[in-house]
Amino acid sequence: MKDLDFNADKVLAKEFLSNFADANGEAKYMNILQEVANHKIRAVQIDLEDLFNYKDLDEEFLRRVTENTRRYIGIFAGAIDEILPEPTEAFHDDDHDILMTQRAEDGTDNADGSDPHQKMPPEIKRFYEVYIRAPSKGRAFTIREVKASYIGQLVKISGIVTRCSDVKPLMQVAVYTCEECGYEIYQDVTARVFMPLFECPSRRCVVNKKKGNLILQLRASKFLKFQEAKIQELAEHVPKGHIPRSMTVHFRGEMTRKVAPGDVVELSGIFLPIPYTGFRAMRAGLVADTYLEAMSVTHFKRKYEEYELRGDEEEQIARLAEDGDIYNKLARSLAPEIYGHEDVKKALLLLLVGAPHRKLKDGMKIRGDLHICLMGDPGVAKSQLLKHIINVAPRGIYTTGKGSSGVGLTAAVQKDPVTNEMVLEGGALVLADMGICAIDEFDKMDESDRTAIHEVMEQQTVSIAKAGITTSLNARTAILAAANPAWGRYDLRRTPAENINLPPALLSRFDLLWLILDRADMDTDLEMARHVVYVHQNKESPALGFTPLEPSVLRAYISAARRLSPYVPKELEEYIATAYSSIRQEEAKSNTPHSYTTVRTLLSILRISAALARLRFSETVAQSDVDEALRLMQMSKFSLYSDDRQKSGLDAISDIYSILRDEAARANKMDVTYAHALNWISRKGYSEAQLKECLEEYATLNVWQIHPHTFDIRFIDA
């Protein structure tokens with residue numbers, strides 16, 4: 001292997017930075033360096049893709065940069081020092097500039113040229129940082145694929161951030177002044193620990209045989225922002241029977257504060273070893289640890305607020321917004337592989353959109369997040385819906401009832417391994433802040449653990465008083481819970497309250513409690529079986545009549561909708577108040593109420609209406625939004641009402657009428673043959689005598705006309 005000539009590589013780096021032109025023919029890096037010189041930006045990101053596409057590319061140089069990245073960051077920084085242009089705009093002098101000016105003036109007196117400690121290191125002069133970024137093409141490694149052969153190289157890994165430390169200053173260059181000779185002494189700090197200098201190494205002190213006392217000048221030293229994070233493998237990358245591995249990541253300078261716990265990220269950085277220090281070194285012996293020096297961060301799912309729509313996305317969203325049927329299309333694009341549940345999907349779409357948070361003048365907050373509970377028989381695809389929603393949401397946490405304790409949901413007090421202090425580690429609800437927390441098997445949670453959720457659902461905070469830490473954490477999360485009824489399946493002989501088996505205090509906090517009963521019905525069972533078989537054969541859902549929207553498009557649309565804050569106009573106040581009071585009256589009259597209607601129900605109507613208005617990109621809530629909100633609340637208990645009708649045996653006529661009307665509306669026809677009508681109602685368990693009674697009764701009401709011989713039906717369009 002021939003000796004490496006780093007000076008020649010520095011010349012190559014200078015040429016690349018000076019001459020590289022992007023697709024538009026502009027000198028990309030010279031423009032960046034001009035911004036740096038004008039103190040506009042502090043980070044210079046060098047893309048390896050640009051180096052790869054450079055016209056005078058030296059393959060060997062590219063390989064060396066990839067395999068010895070730490071060294072080449074220094075070489076690129078040296079090259080930038082030499083070709084940095086003069087500033088073109090005036091900027092305000094900060095402490096660093098004033099210190100550098102003083103040093104430049106004093107430099108001639110101090111330097112006797114012999115001692116390396118007295119030469120000013122180039123790091124202290126720099127007011128920018130250099131990062132080398134891995135190409136965006138190519139698959140990211142999982143943590144367990146990064147082995148010893150990658151030490152010192154630039155690697156790209158993906159994972160989820162589990163914890164982040166605070167940002168702290170890290171010393172890069174220590175500066176001392178000597179009490180005897182007054183010289184400034186510099187010491188480069190490359191590791192996490194360093195041995196301070198105690199005796200002055202300058203020529204004057206050595207000649208005079210004075211052991212000059214050195215004083216560390218913190219004001220003149222150079223510090224970098226430093227943050228440590230832990231990244232863990234994603235669940236889908238962990239082989240069977242293994243537990244996820246984790247890796248330490250160090251962020252320096254401008255890379256800090258880019259990630260938060262719970263973010264799914266792709267990091268490119270340098271894989272490096274680090275020896276243990278202090279007491280841990282005594283225990284570890286010769287074993288070293290490894291870490292990743294982060295060079296760039298890419299978020300897989302950006303938060304709604306950080307979504308910046310590209311031009312083509314904006315056009316697509318504008319086109320979708322003009323589509324009159326967008327509400328149905330968006331709802332049907334959620335989990336298209338799951339048959340039916342159209343109203344449930346509409347409710348879940350509104351959960352993703354949410355309503356605006358209201359903050360009153362006296363500091364009181366009214367939540368905007370919707371909470372939904374899906375209560376249903378086994379095998380109605382509750383968990384699949386939950387999993388799909390978590391995939392679509394930019395920030396989503398999925399837990400199950402038995403697998404999560406009260407502490408795991410709220411926050412735990414732990415000892416920080418670095419500082420040995422007691423710190424709070426956020427649980428699932430805190431990690432899902434500004435996102436969605438899906439809790440499966442909600443009914444199987446212990447009562448003591450479930451109480452932790454009460455506060456989160458209404459106040460949206462988690463208050464803690466443990467181990468000397470008394471605080472309140474934000475948990476502005478929408479909760480999506482799935483539960484089975486009390487006896488595994490819904491028992492129709494018992495009242496809804498006995499079946500639901502959740503405390504009223506918790507039920508009233510859910511905006512929608514959706515009861516999904518698994519009924520034997522020949523029509524729907526046939527349709528569903530065909531759907532399931534089709535999905536198994538083709539690994540995709542049957543044609544919906546339109547192309548389902550991709551999750552990324554859904555996210556973009558929802559992020560645009562969430563920017564609006566619709567309000568309720570004056571003319572709707574009375575309408576909403578009347579609707580609410582009539583729901584209360586109905587419940588008071590009923591012997592076995594299906595739900596607990598409280599003032600929270602009124603807030604739920606307002607929230608659902610606001611979410612519907614957001615979907616239409618409207619600034620005001622319309623009456624149609626309120627009607628749809630009331631319809632969803634009614635439909636959530638629909639399976640019970642239809643059962644009540646059948647049980648009472650009184651209202652078979654109305655039920656037959658609604659079946660015929662719905663089927664005719666679905667076929668978009670005004671004429672229905674008697675044979676068809678008989679076929680539809682017999683499948684729902686009604687007799688021909690009941691059908692004839694219904695035909696006569698509604699014919700006298702002038703709803704439809706009956707043919708005297710064939711008994712065919714023609715609806716009269718009112």
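For these entries I take helices as DSSP runs of H or I with at least four residues, numbered from the N terminus. The model I am reading is a predicted one.

**Entry 1, Arg607**

I looked up Arg607 and found that Arg607 lies in helix 22, which covers residues 599–615. I then asked myself whether Arg607 is buried or exposed. With a relative accessible area of 5%, Arg607 is buried, because buried means under 20%. Leaving aside residues up to four places away in sequence, I listed what Arg607 touches, and the list holds Ala355, Ile366, Arg367, Gly368, Asp369, Leu370, Asp511 and Arg600.

**Entry 2, helix 22 and helix 12**

I next turned to helix 12, residues 342–353, which lies across strand 13 (372–376), strand 17, strand 20 (478–483) and strand 21, and runs at about 155° to strand 21. The axes of helix 12 and helix 22 come within 9 Å and cross at roughly 85°. Angles of 65 to 115 degrees count as roughly perpendicular, and helix 12 and helix 22 are therefore roughly perpendicular to each other. On the helix 12 side I noted Leu349, Leu350 and Val353 in the contact, and on the helix 22 side Ile608, Ala611, Leu612, Arg614 and Leu615. Sorted by class, this contact has seven nonpolar residues, no polar residues and one charged residue.

**Entry 3, the parallel sheet**

I followed the strands under helix 12 in the record of pairings. Five strands form an open sheet with parallel pairing, and I wrote down their order as 14-17-20-13-21. Strand 14 (396–400) and strand 21 (512–516) stand at the edges, and each has a single partner strand, so one side of each is left without a neighbour in the sheet. On average, and with direction ignored, neighbouring strands of this sheet are turned by 15° against each other. Strand 14 pairs with strand 17, residues 436–440, in the parallel sense over five bridges, and I found Cys437 in strand 17 as the bridge partner of Ile397.

**Entry 4, the antiparallel sheet**

I also looked up an open sheet of three strands, in the order 22-24-23, whose pairing is antiparallel. Here strand 22 (671–672) and strand 23 (704–706) are at the edges with a single partner strand each, so one side of each has no neighbour in the sheet. Between strand 22 and strand 24, residues 713–715, I noted two bridges in the antiparallel sense, with Asp671 opposite Arg714 of strand 24. Helix 25, residues 652–667, packs on the sheet and touches strand 22, strand 23 and strand 24, and its direction makes about 75° with that of strand 24. Helix 27, residues 688–700, packs on the sheet as well, touching strand 23 and strand 24, and its direction makes about 125° with that of strand 23.

Notes. Residues numbered from 1 in each chain as written. Predicted model: local features only at pLDDT ≥ 70, side-chain atom pairs only at ≥ 80, totals over all residues. Heavy atoms only, no water. Buried < 20%, exposed > 50% of the residue type's maximum accessible area, 1.4 Å probe, protein only. Contact = heavy atoms within 4.5 Å. Pairing = 2+ DSSP bridges. Axes fitted to C-alpha atoms, helices over the stretch in contact; angles between N-to-C directions. Parallel < 35°, antiparallel > 145°, perpendicular 65-115°, else oblique. Nonpolar A, V, L, I, M, F, W, Y, C, P; charged D, E, K, R; others polar.
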